[in-house]
Amino acid sequence: MDPANYGGIKGKVDSRIHYGEVRDWNHPEEEESEEEEVAREEEEEEGEQTDVEELLENNWNIMQFLPQASSCQNYFLMIVSAYIVAVYHSMKEELRRNAPGSTPIKRRSTSQVSQEALGELRAMPGMITFSQDYVANELTQSFFTITQKIQKKMAGSRNATEPSDLFPVLPGSYLPLNNPALEFIKYVCKVLSLDANITNQVNKLRRDLLRLIEVGEFSEAAQFQDPCRSYVLPEVICRNCNFCRDLDLCKDPALSQDRLVLPGWLCPNCHVQYDTDAIEMALVEALQKKLMAFVLQDLVSTGIPCSAHSCGCLSLNTFTLPLAEGVFQNIARHYGMAYLLETIEWLMHTKLQFQ
């Protein structure tokens with residue numbers, strides 16, 4: 001979906017690549033010995049027997065905005081993971097059936113399939129048919145059952161302007177979420193719709209589920225919106241390994257094993273926590289730059305710029321302070337940044353004085 005929302009089965013890299021032992025296939029200098037080939041195939045066969053759940057990776061930022069009550073987040077993972085694993089097994093069988101050189105005597109493993117076969121994978125009719133049947137039957141039944149459970153345990157609020165206490169408040173929160181079953185349907189269907197092969201099945205499933213909870217298919221409430229805002233702090237440098245990257249303070253929080261948000265961010269290179277004080281000072285500096293832009297802006301009267309502060313039409317002027325104080329305030333409160341929170345409160349007070 002985006003860098004903060006993805007899932008799948010982690011691929012395997014030939015161990016020989018790590019040691020520079022893979023030769024240039026365009027200019028082969030030597031053939032692999034029979035013993036090496038047998039040993040490699042045994043290693044691949046052993047790897048295929050690994051539990052696929054150990055290779056499954058789910059990183060969905062939108063899931064964090066669902067309530068933890070009534071296992072909403074666990075149900076989200078369960079449905080998405082089940083679809084990924086089912087398609088993975090179907091894909092593997094389809095590749096084996098269509099792999100060049102496949103014979104009853106010697107079965108070619110998935111890793112031996114040519115890149116052309118992988119490139120044509122989306123067009124394989126067997127896998128497409130399987131995905132569509134899986135969504136229309138097995139997944140639909142479990143989805144309906146889970147949605148009914150959530151709707152029964154957490155009815156939510158019908159007031160679309162007031163957020164419900166059932167939903168967690170995270171640094172990127174900004175939407176008034178108030179209906180757990182509705183948000184659950186929207187998020188899961190959004191993830192499933194990423195597979196273009198099942199678009200029609202997902203649309204029908206979404207329509208039926210919305211009818212189940214009495215929400216109009218084309219109503220504003222039924223439209224998906226990313227529940228997390230984004231604020232990217234550029235060129236954050238790790239003081240331990242000097243690794244530099246752009247850090248999204250709302251969508252890239254470090255997560256613990258139990259999926260709870262940790263009070264800090266970790267370097268993806270050395271896994272050492274970033275200096276939170278340095279990030280706080282960078283945010284304060286960003287707010288001060290926004291305030292400077294506000295102070296230096298021209299007065300505006302009926303759409304015509306006016307640089308004279310003594311202008312007689314001053315009462316008609318409108319001032320704008322383009323602050324992201326909502327996002328910054330959530331970040332400051334969530335990560336305990338007292339100085340940043342104090343700066344935001346002062347800026348908001350300054351803004352009120354000008355209005």
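**Exercise 1. How many of the 13 residues of α7 are buried?**

Solution. The structure is a predicted model, in which local features need pLDDT of at least 70 and side-chain atom pairs count only at pLDDT 80 or more, while totals for chains, interfaces and linings use all residues. Residues are numbered from 1 along each chain as its sequence is written, and side-chain values use heavy atoms, with hydrogens and water left out.

Step 1. Fix the terms. Helices (H or I, at least four residues) and strands (E, at least two) are DSSP runs, numbered from the N terminus. A residue is buried under 20% relative accessible area, exposed over 50%, and partly exposed in between (1.4 Å probe, protein chains only).

Step 2. Count. In α7, 12 of the 13 residues are buried, so the helix is largely enclosed by the rest of the structure. Among them are Pro 180, Phe 184, Tyr 187 and Leu 192.

Step 3. Find the cover. The elements over the buried residues of α7 include β2 (56-60), α4, α6 and α8. Contact here means heavy atoms within 4.5 Å.

**Exercise 2. Compare the spans of α7 and α8 with the expected values.**

Solution. Step 1. The expected span of a helix is 1.5 Å times one less than its number of residues.

Step 2. For α7, with 13 residues, the expected span is 18 Å, and the end C-alpha atoms are 18 Å apart, which agrees.

Step 3. Helix α8 covers residues 199-212, 14 in number. From first C-alpha to last, α8 reaches 20 Å, close to the 20 Å expected.

Step 4. Look at what follows α8. Glu 214, just after this helix, has a positive phi of about 60 degrees.

**Exercise 3. Describe how α7 and α8 pack.**

Solution. Step 1. Two packed helices are described by the angle between their axes and the distance between the axes. Axes are lines fitted to C-alpha atoms, for helices over the stretch in contact, and angles run from 0 to 180 degrees between N-to-C directions.

Step 2. The axes of α7 and α8 come within 10 Å and cross at roughly 175 degrees. That makes the pair roughly antiparallel. Angles under 35 degrees count as roughly parallel, over 145 as roughly antiparallel, 65 to 115 as roughly perpendicular and the rest as oblique.

Step 3. On the α7 side the contact is made by Leu 182, Ile 185, Cys 189 and Leu 192, and on the α8 side by Val 202, Arg 206, Leu 209 and Leu 210.

Step 4. The buried residues of α8 are Val 202, Leu 205, Arg 206, Asp 208, Leu 209 and Leu 210. They pack against α6 (125-153) and α7 (180-192).

**Exercise 4. Describe how α4 packs against α7 and against α6.**

Solution. Step 1. Helix α4 (residues 72-98) and α7 have axes that come within 11 Å and cross at roughly 20 degrees. By that angle, α4 is roughly parallel to α7.

Step 2. The contact joins Cys 72, Tyr 75, Phe 76, Ile 79, Val 80 and Tyr 83 of α4 to Phe 184, Tyr 187, Val 188, Val 191 and Leu 192 of α7.

Step 3. For α4 and α6, the axes come within 10 Å and cross at roughly 165 degrees. These two helices are therefore roughly antiparallel.

Step 4. Residues of α4 that meet α6 include Tyr 75, Ile 79, Ala 82 and Ala 86. Their partners in α6 include Phe 130, Tyr 134, Leu 139 and Phe 143.

Step 5. Assign the handedness. A crossing is left-handed if the near helix is turned anticlockwise from the far one by less than a right angle, and right-handed if clockwise. The α4 and α7 crossing is right-handed, and α4 also passes α6 in a right-handed crossing.

**Exercise 5. Classify Gly 264, Thr 343 and Pro 176 by accessibility.**

Solution. Step 1. Gly 264 lies in the loop between β4 (244-248) and α9 (276-296). Its relative accessible area is 2%, so Gly 264 is buried.

Step 2. Thr 343, in helix α11 (residues 338-354), is buried at 10%. Leaving aside residues up to four places away in sequence, Thr 343 touches Val 284 and Leu 287.

Step 3. Pro 176 is placed in the loop between α6 and α7. At 33% relative accessibility, Pro 176 counts as partly exposed. Pro 163 is 13 residues from Pro 176 in sequence and 4.1 Å away in space, C-alpha to C-alpha.

Step 4. Set these residues against the whole protein. Of its 355 residues, 39% count as buried.
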